[in-house]
Amino acid sequence: MRNTLAIAANETRRIFVSPLAWAVLGVTQLIFGYIFAGAVVQYVRNSDMADQAVGVSDYVGSGLYGSATIILLLILPLMTMRLFSEERKSGTLTLLFSAPVTLVEIVLGKFLGVMVFVLAIIGLLALMPASLLPVVNLDLGRLAAGLLGLLLLTMAFASCGLFISSLTREPTIAAVGSFAALLVIWLLKMPASFDSPFAPVFDYLSLISHYQDLISGLFDSSDVVYYLLFTALFLWLTVLRLDMERN
Amino acid sequence: MASDNILIEARGLTRRFGPNVAVADLSLKLAQGEILGLLGPNGAGKSTTMKMLTGNLAPTEGEVFIKGQSLRDDAVLAKQQLGYLPEQPPVYPELTVDEYLRYCAGLHGIASKARAAAVDSAKRDCGLSDVGRRVIGNLSKGFQQRVGLAQAIIHRPPVVVLDEPTVGLDPIQIREIRTLIRELGRVHSVILSSHILPEIQAVCGRVMIVNRGRLVYDAAIDAHLGNPKLIVGFARAPGSNELAEMQGVLSAETLDDRRFRLSLDPAHDPRDAIVALAVQRGWGLQELRLEAKTLEEIFVELTSGDVQPLMRNAA
């Protein structure tokens, strides 16, 4: 546990001293702010419909968090690409392999390290609708479900990116690879709409279908379990991959 | 040589990469206070051996024990006793020296209270005290190498494995690092690899030569220098029996009609007597020199061409 935290702390430090992290934070913040402001303006323009069909939490919150998933899908591969591939390329992986730590601790540490960065993004996303609190009644439960969904979704993104990063020594290949893998799993939603006996399977496997419940304020434990299993699976695959590397 | 306190032991290490055998049946034992030099041409399997000794690479066959603890059975416990500097120093260029060393100290299980002291002493030992706040990526290659070395010794491990520790250093730094390795060797066991033969000769107590994955030589460093031969040449050569009868000469071997190679008794140096006798009997002394086999000669002899593996155990 202590080793995991030490590795995580170091990972977070290295992420936050890199210009990439700040560039990503700045750019995403700009985009999120643009979407948020746009949603607020549109809601105000249609204020005659306000609080009848669609509430402000729904319109602003869900609109923002819904588009956030796509942006996070784009940026998380960039944040996870370096985790193992760069360490392998620069030879620093040896430091971890020769230290008295287990592979599970290494993988969990790296995962937690990158999740701290993701939490910063999610925290900023939480603050945007919260800025409306003094003037509007917000459905906090609904927003919380959306944020929880974002957290679970990014955990899945990060674990998949971590695994792909452990496969290669080129960070760019890791980024392209994890983006492709995530997009394909996401787009399983497509065959799910066809009329076939496997449609429910595809629907269950798709990354995004479980998010739709959460974003509409519906907390279903099976959705939570899906993301946790997804994350655990890829973290476990990463441990196996690193073990293979020594053999 | 003390054999009671074995700190690292490898038994029958073999590593195959597909059909290629990188290291074959390599065994070694290292006691506390020993410095072992690992020599070999490029691609001989030095780095592979070191990776196996430090748990970075699983051996195909064989096992490594560190302080009696099997690296395979309980890697974490065994690795606590180990410091490793790989060929490429494993440093994060974006961190400062202090940040990096603090992290390494934590990684090796040094309690947070003792961490600052450990970082300070490692920096002092490696001459890094003035650059603690600098970013590693901005330091020169030599300094990065020192940071790598500081990382390997920060937890004062009983076994230190150094893969070419003086690469990229200037002559003064090389001397400092050698002094440091010698100091480390008093209390720890050190294994180091190098291409530089004088370096091995200056630092190590024992030397192993690896060629094509096999151990071809294993001896104490002074073993091969211990029994020098004497080459003598005369204008009017005496019979070889005349030389062999002299005190201090064990045997005389005729090289050509004027030159001989004499095996010497280390207790009596016959050189003075040979000169006196040559003058007295009018042999016309032309040549008189010690022929010591240097490490370099042994190295070249063992690693060039197809030489049958020659094992010598002087321990």
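Two strands count as paired when DSSP finds at least two bridges between them, and with that in mind the tour can begin at a hairpin of this predicted model.

**First stop: a hairpin in chain B**

Select residues 206–211 and 214–220 of chain B, which are strands β9(B) and β10(B), and you will find them paired in the antiparallel sense over six bridges. Within this pairing, Asn211(B) has Arg214(B) of β10(B) as its bridge partner. The hairpin has two residues between its strands, and if you pick out Arg212(B) there you will see a residue that takes a positive phi near 50 degrees.

**Second stop: an open sheet in chain B**

Next, display the four strands that form an open sheet in chain B, which follow the order β2-β1-β4-β5 with antiparallel pairing. Because β2 (20–31) and β5 (69–70) of chain B stand at the edges with a single partner strand each, one side of each is left without a neighbour in the sheet. To look at one edge in detail, select residues 61–66 of chain B, strand β4(B), which pairs with β5(B) over two bridges in the antiparallel sense; here Phe65(B) stands opposite Ser70(B) of β5(B). Now add residues 46–53 of chain B, helix α1(B), which packs on the sheet and touches β1 (6–17), β2 and β4 of chain B, its direction making about 120 degrees with that of β1(B).

**Third stop: chain B as a whole**

Zoom out until all of chain B is in view, and its secondary structure can be counted as 10 helices and 14 strands. Along the principal axes, the C-alpha atoms of chain B fill a box of roughly 80 × 45 × 35 Å. Chain B has 315 residues, of which 41% count as buried. Among its contacts between residues at least 6 apart in sequence, 68% join residues at least 24 apart.

**Fourth stop: helix α6 of chain A and its partners**

Move to chain A and select residues 103–130, helix α6(A), together with residues 19–45, helix α2(A); the two pack at an angle of about 25 degrees, with their axes 11 Å apart. That angle makes α2(A) roughly parallel to α6(A), and the crossing of the two helices is right-handed. To see the contact itself, show the side chains of residues including Leu25(A), Phe32(A) and Phe36(A) on α2(A), and Phe117(A), Leu124(A) and Met128(A) on α6(A). By class, the residues of this contact between α2(A) and α6(A) comprise 10 nonpolar, two polar and no charged.

Keep α6(A) on display and add residues 56–80 of chain A, helix α3(A), which packs against α6(A) at an angle of about 160 degrees with the axes 11 Å apart. This makes α3(A) roughly antiparallel to α6(A), and the crossing is again a right-handed one. Among the residues that make this contact are Val60(A), Leu64(A) and Ala68(A) of α3(A), and Val114(A), Phe117(A) and Pro129(A) of α6(A). The residues of the contact of α3(A) with α6(A) divide into 10 nonpolar, two polar and no charged.

**Last stop: where the chains meet**

Finally, display both chains and select the contact between them, to which chain A gives 19 residues and chain B gives 24 residues. On the side of chain A that touches chain B, the elements giving two or more residues are α1 (2–17) and α5 (93–98) of chain A, and the largest share, six residues, comes from α1(A). Coloured by class, this side of chain A shows seven nonpolar, nine polar and three charged residues.

Methods:
Residues numbered from 1 in each chain as written. Chains lettered and ligands numbered in written order. Predicted model: local features only at pLDDT ≥ 70, side-chain atom pairs only at ≥ 80, totals over all residues. Contact = placed C-beta atoms within 7 Å. Nonpolar A, V, L, I, M, F, W, Y, C, P; charged D, E, K, R; others polar. Axes fitted to C-alpha atoms, helices over the stretch in contact; angles between N-to-C directions. Parallel < 35°, antiparallel > 145°, perpendicular 65-115°, else oblique. Left-handed = near helix turned anticlockwise from the far one by under 90°. Buried ≥ 20, exposed ≤ 12 C-beta atoms within 10 Å, placed from the backbone.
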